[in-house]
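Subject: Structure handover

Hi,

Here is the structure I promised you. Please open it first, then read my notes below.

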Amino acid sequence: MKRKFTKLIPAVLAAAMIMSASPAYADTKPAASAFSDVGSSAWYHDAVYWAADKGITAGTTKTTFSPMKSCTRGEIVSFLWRYEGSPKTSLAGNPFKDVTDQYYAEAVMWAKNNKITAGTSENTFSGERTIDRKEAITLLWRLE
């Protein structure tokens with residue numbers, strides 16, 4: 001039975017297409033008007049604040065979200081992992097030589113263990129590379 005992602009899909013798609021979050025602020029929840037660069041009439045306003053309220057993303061600083069900044073593969077996998085409750089996983093058997101102690105390492109291992117990502121090659125994940133739409137949609141599809 002497929003899960004329904006009525007709020008997740010718009011939020012993550014918005015994030016994948018135009019937004020970014022800094023891991024430095026991942027554990028803080030912004031106030032309702034905390035982001036000076038997310039206007040109340042912006043089409044993505046509700047998605048940004050929903051995701052921030054759930055702890056999925058936070059922003060690039062305490063007062064900005066940077067909605068026009070591209071996301072990396074590591075950021076998107078982190079969004080999905082946080083959406084799933086940040087489940088603990090093991091880095092044992094890590095096939096990715098480019099994933100060691102980055103903020104997204106546990107998220108990548110969770111995604112690998114749950115067949116959400118296979119990486120960009122047999123031994124690389126490319127977490128700092130900007131993600132494109134087709135990659136983001138593929139990760140979302142595999143999340144189900």
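Are α3 and α4 roughly parallel or roughly perpendicular to each other? They are roughly perpendicular (the class for angles of 65 to 115 degrees; under 35 is roughly parallel, over 145 roughly antiparallel, the rest oblique).

A word on the basis. This is a predicted model, in which local features need pLDDT of at least 70, side-chain atom pairs count only at pLDDT 80 or more, and totals for chains, interfaces and linings use all residues. Residues are numbered from 1 along each chain as its sequence is written, and side-chain values use heavy atoms, with hydrogens and water left out.

The overall picture
The protein chain has 5 helices and 0 strands (DSSP runs numbered from the N terminus; helices are H or I of at least four residues, strands E of at least two). Of its 144 residues, 44% are buried (under 20% relative accessible area with a 1.4 Å probe, protein chains only; exposed is over 50%, partly exposed in between). Take the contacts (heavy atoms within 4.5 Å) with a separation of 6 or more. Residues 24 or more positions apart account for 70% of them.

The α3 and α4 pair
Helix α3 covers residues 73–83 and helix α4 residues 105–113. They pack at an angle of about 75°, with axes 9 Å apart (lines fitted to C-alpha atoms over the stretch in contact; angles run from 0 to 180 degrees between N-to-C directions). From α3, the contact uses V77, S78, L80 and W81. From α4, it uses E106, A107, V108, W110 and A111. By class, that is 7 nonpolar, 1 polar and 1 charged (Ala, Val, Leu, Ile, Met, Phe, Trp, Tyr, Cys and Pro are nonpolar; Asp, Glu, Lys and Arg charged; the others, Gly among them, polar).

The loop between α4 and α5
K115 sits in this loop. Its phi is positive, about 60°, although K115 is not a glycine. K115 is exposed, at 67% relative accessible area. S126 lies in the loop between α4 and α5 too. Phi of S126 is also positive, near 65°.

Helix α5
Which residues of α5 are buried? In this helix, residues 133–143, they are E135, A136, L139, L140 and L143. Those residues fall within an arc of 135° (directions from the helix axis to the C-beta atoms), so they line one face of α5. On the other side, R133, K134 and W141 are exposed. At the start of α5, a side-chain oxygen of D132 comes within 3.3 Å of the backbone nitrogen of K134.

Best wishes

Notes:
Polar contact = N/O pair within 3.5 Å; in protein donor to acceptor, adjacent residues only side chain to side chain.
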